[in-house]
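Biologist: I am new to this structure and should like to understand the terms used to describe it. Please set each value against its definition.

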Amino acid sequence: MKYKPADRIQDLQYFGEFGGVNPSISDSSTYTFLSAKTMFDTFEGNAEGCYLYSRHSSPSNLYLGEALAAMEGTETANVFGSGMGAITATLMQLCKAGDHIVCSRTIYGGTYAFLKNFAPQLGIETTFIDITKNEVVEAAVKKNTKVIYCESVSNPLLEIADLKSLSQISKNHNLQLVVDNTFSPLSISPAKLGADIVIHSLTKFINGSSDTVGGVVCGTKDFINALRNVNDGAAMLFGSTMDSLRASSILKNLRTLHIRMKQHSKNAMHLAEKFQEDGFKTVYPGLESHPGNQLFKTMMNEDYGFGGMLTIDVGSLDKANELMELMQERNLGYLAVSLGFYKTLFSAPGTSTSSEIPEEEQNEMGLSDGLIRFSIGLDNDISRTYNHMKECMEEVGVLPTEMV
Ligand code: PLP
């Protein structure tokens, strides 16, 4: 049977404390106990349904976590104060000094910086590889490897990870496959394809309002309980906790995610086709020219399309900057990092979200100077937007790649 993540969100039924249609917000950092024995049991993790302190868990955070677990099809989930909070806690829970991680070389710059610069100080080494080549992934696995880490659709190059094959490799070697699904919520369900742990930066499409940062880890009850353990849980001890008010507002936005993703995908497909026709080197997983297009089709939940992210190459950083400034002036979107907003956001990843990656490595992985990353908005009339973008391109004198 086809997996329908939006139906699972729709089917959730939460009643508020006073019969409200939204769950009540738990506006407390600490909780009373009627007996001292229950307090002790709660600290020991033996009092189901009792709350002790909101860094550990709170009713509002649990509601949001359960909704995201339903979406991803995992047993449960824990929400965090940011995507990086979710990523770092997960990796620190899974790895200790002397362990090794095999990681895609095209990932979000912050994750890359953490694994490249920070984790080695704790004795954790990472080999960065081309995630699209199964034989390369397998060859990188060592005796002390604990984790294969990737993004389903990578930031910013939009490479597609073959999650079924990666899951097989990780099972063969007794590893954990950790997948960041931030770029493809609803479209791809990594846990259904064999991922052990699924992470999102909620800051992006899931919240969709660019008004907060947030993160989530979806996984088994055992793993989530380990993260929350008061003695050695990375969620509990690093303290990257989400505030209850935010959990409640993200839950409300999650309910419209399917409608938004369909529109983001429809608009991105339209622009990608047009930019490609115009002769620009365009990368969008929905285009047949994308090397991962067929693979995406085998993994996707069809209703939601190929997502809202695309890149074009305009030849040089100067031209990219000029074009982005003009597009902002003409109100076609914002020159800003991040993604999943109702307006289009554009940035040059080489000098922004991926600037942590040294220039030499950027060149090696195909991250060129003139690359512009677009998070396509919810525009009602995308052909109007395209016409205005084309005018900007002509004004700036940006030429299709083959003419450069
Ligand atoms: N994962 C991906 C793919 C991202 O693009 C980002 C942020 O840009 C993150 C994780 C980090 O999330 P946050 O900014 O919420 O900490």
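Biologist: Which of the 14 residues around the ligand come nearest?

Modeller: Met84, Asp180, Ser201, Thr203 and Lys204 come nearest. A residue is near a molecule if one of its heavy atoms lies within 4 Å of it. This is a predicted model, in which local features need pLDDT of at least 70 and side-chain atom pairs pLDDT 80 or more, whereas totals for chains, interfaces and linings use all residues. Residues are numbered from 1 along each chain as its sequence is written, and side-chain values use heavy atoms, without hydrogens or water.

Biologist: What makes the approach of Lys204 to an oxygen atom of the ligand a polar contact?

Modeller: A polar contact is a pair of N or O atoms within 3.5 Å. An N or O atom in the side chain of Lys204 is 2.6 Å from a ligand oxygen, so the pair qualifies. The side chain of Ser201 likewise places an N or O atom 2.8 Å from an oxygen of the ligand.

Biologist: How much of the ligand's accessible area does the protein cover?

Modeller: The protein covers 91% of the 390 Å² that the ligand has on its own, by the Shrake-Rupley method with a 1.4 Å probe.

Biologist: How do you know that domain 1 and domain 2 are in contact?

Modeller: Contact means heavy atoms within 4.5 Å. By that criterion, 38 residues of domain 1 are in contact with 38 residues of domain 2. An automatic or database assignment sets the bounds: domain 1 is 5-254 and domain 2 is 259-403.

Technical notes
A polar contact is a pair of N or O atoms within 3.5 Å; within protein, one must be able to donate a hydrogen and the other to accept it, and residues adjacent in sequence count only if both atoms are side-chain atoms.
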